[in-house]
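Me: I have this model open and would like to talk it through with you. Could you take my questions as they come?

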Protein chains: 2
Amino acid sequence: MDAVRPFDVLDPACPSRSVLRHLTDRWTPLVVGVLAPGPARFGEIRDQVGGVTAKVLTQTLRSMERDGLVDRRALPTMPPRVDYELTPLGRTLVGPLDALRSWAERHAGEVLGARASYDAQDGAPG
Amino acid sequence: MDAVRPFDVLDPACPSRSVLRHLTDRWTPLVVGVLAPGPARFGEIRDQVGGVTAKVLTQTLRSMERDGLVDRRALPTMPPRVDYELTPLGRTLVGPLDALRSWAERHAGEVLGARASYDAQDGAPG
DNA sequence: CAGTATCCCGTGCGATACTG
DNA sequence: CAGTATCGCACGGGATACTG
């Protein structure tokens, strides 16, 4: 099974680039992180992902559903209850995305420091 | 000494979120991938990263330099020659980002398929 | 509770022209 | 060669109000 590299993100015309782009939009990585431990309701996700609005969260989840990353299960009860769960495909994303998230958390201090010293010498007044 | 979890991307006010945001902008992952094997000149990067313009590539590289991810070495020759290289900090990003890139390339087909079947039933005419 | 509908805006990004 | 300057816009994303 050699699968001769049909996809290449460095090629602007390659669909894999838009896939990568989608994985790295504002909320997808956070939603994947929240759904990683198991299914969650819409409100739980919104509660955990600080700062997201219902509209944008819906857009994100729809888009993830469309791409086969999450399953959406709507219970026709009143009030409604909707559960979201990572698909097997979505679960394969948890590792990579979690690595990125933990990188950001672990190295945020260094990045902030680098930024400060860059600004101190390059944007120096005078 | 409780330095436990000083950073949390789920917190909208946490700086780690903006760091994550930066890591996942349009060109940073691709540039890191190109610089992973070793230093490269500006033109080489531009040549490899399909579709990027000089202006935006400069912005990306400056921003990465500011955040301590790349070193920029400009030779005062004529014509000028500028080499970019990942810093030790930047090198720690290669793994996580490469995982994401290879995920996109490996699963692009599945995502495209999921998209097609979603559109076929949900956006079905009639 | 889990969305939709509507209006609105910042900015990331692109095209083009120019320069040391 | 490696940028910078300028202009402009699509679009991702946000605030608010409303609904089944």
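**Talking through the model**

Reply: Leaving out its neighbours within four places in sequence, S16(A) is in contact with F7(A), D8(A) and V9(A), and also with A104(B), E105(B) and A108(B). Please keep in mind throughout that this is a predicted model.

Me: Where is S16(A) found, and is S16(A) buried or exposed?

Reply: S16(A) is found in helix α1 of chain A, which covers residues 15-23. Because its relative accessibility is 0%, S16(A) counts as buried. The side chain of S16(A) also reaches the backbone nitrogen of V9(A), at 3.5 Å.

Me: OK, on to the two chains. How many residues does the contact take from chain A and from chain B?

Reply: The contact takes 50 residues from chain A and 50 residues from chain B. Between them the two chains bury about 4,700 Å², and 69% of that is on carbon and sulfur atoms. On the chain A side, R66(A), L100(A) and W103(A) lose the most area to chain B, and together they make up 16% of what that side buries.

Me: And the core? Which residues touch the most other members of the largest nonpolar core?

Reply: Those are I45(A) and I45(B), in a core of 67 residues. Not counting residues up to four places away in sequence, I45(B) touches V31(B), V34(B), L35(B), A40(B), L57(B), L61(B) and Y84(B).

Me: V31(B), V34(B) and L35(B) turn up in that list. Which residues of α2(B) are buried?

Reply: The buried residues of α2(B) are T28(B), P29(B), L30(B), V31(B), V32(B), V34(B) and L35(B). That is seven of the eight residues in the helix, which runs over residues 28-35 of chain B and is mostly covered.

Me: What about helix α2 in chain A?

Reply: Helix α2 of chain A, residues 28-35, is mostly covered, with seven of its eight residues buried. The buried residues there are T28(A), P29(A), L30(A), V31(A), V32(A), V34(A) and L35(A).

Me: Let's switch to the DNA. Which residues come nearest to DNA strand C?

Reply: Of the 20 residues around DNA strand C, the ones that come nearest are R62(A), R72(A), Y84(A), R26(B) and K55(B), so that both chains are represented in the list. Sugar and phosphate account for 73% of the atoms of this strand that come within 4 Å of the protein.

Me: Any polar contacts on that strand you can point me to?

Reply: Here are some to look at. An N or O atom in the side chain of R21(A) is 3.4 Å from a phosphate oxygen of DNA strand C, and a polar side-chain atom of W27(B) lies 3.3 Å from a phosphate oxygen of this strand. At P80(A) a polar backbone atom is involved, and its partner, 3.4 Å away, is a sugar or linking oxygen of DNA strand C.

Me: Which elements give two or more residues to the surface near DNA strand C?

Reply: From chain A they are α3 (42-48), α4 (54-66) and β3 (81-86), and from chain B it is α4 (54-66). With four residues, α4(A) gives the most to that surface. By class, the surface has nine nonpolar, three polar and eight charged residues.

Me: Now DNA strand D. Which residues come nearest there?

Reply: Of the 20 residues around DNA strand D, R26(A), K55(A), T58(B), R72(B) and Y84(B) come nearest. Sugar or phosphate accounts for 71% of the atoms of DNA strand D within 4 Å of the protein, and the rest belong to bases.

Me: How far is R72(B) from a phosphate oxygen of DNA strand D, taking a polar side-chain atom?

Reply: That distance is 2.6 Å. Y84(B), which is also among the residues that touch I45(B), has a side-chain N or O atom 2.8 Å from a phosphate oxygen of DNA strand D. For G43(B) a polar backbone atom is used, and a phosphate oxygen of the strand is 2.9 Å away.

Me: Which element supplies the largest share of the surface near DNA strand D?

Reply: That is α4(B), with four residues. At least two residues each come from α4 of chain A and from α3 (42-48), α4 and β3 (81-86) of chain B.

Me: Last topic, the backbone. Which peptide bond in chain A is cis, with omega near 0 degrees?

Reply: The bond from M78(A) to P79(A) is cis, and P79(A) lies in the loop between β2 (70-75) and β3 of chain A. In chain B, a cis peptide bond joins M78(B) and P79(B), with omega about 0 degrees, and P79(B) lies in the loop between β2 (70-75) and β3 of that chain.

Conventions
Residues are numbered from 1 along each chain as its sequence is written. Chains are lettered from A and ligands numbered from 1 in the order in which they are written. This is a predicted model: local features need pLDDT of at least 70, side-chain atom pairs count only at pLDDT 80 or more; totals for chains, interfaces and linings use all residues. Side-chain values use heavy atoms; hydrogens and water are left out. A polar contact is a pair of N or O atoms within 3.5 Å; within protein, one must be able to donate a hydrogen and the other to accept it, and residues adjacent in sequence count only if both atoms are side-chain atoms. Ala, Val, Leu, Ile, Met, Phe, Trp, Tyr, Cys and Pro count as nonpolar, Asp, Glu, Lys and Arg as charged, and the others, Gly among them, as polar. A nonpolar core is a set of buried Ala, Val, Leu, Ile, Met, Phe, Trp, Tyr and Cys residues joined through side-chain atoms within 4.5 Å. Buried means under 20% relative accessible area, exposed over 50%, partly exposed in between (1.4 Å probe, protein chains only). Contact means heavy atoms within 4.5 Å. Buried area is the accessible area (1.4 Å probe) that two parts lose on being put together, summed over both.
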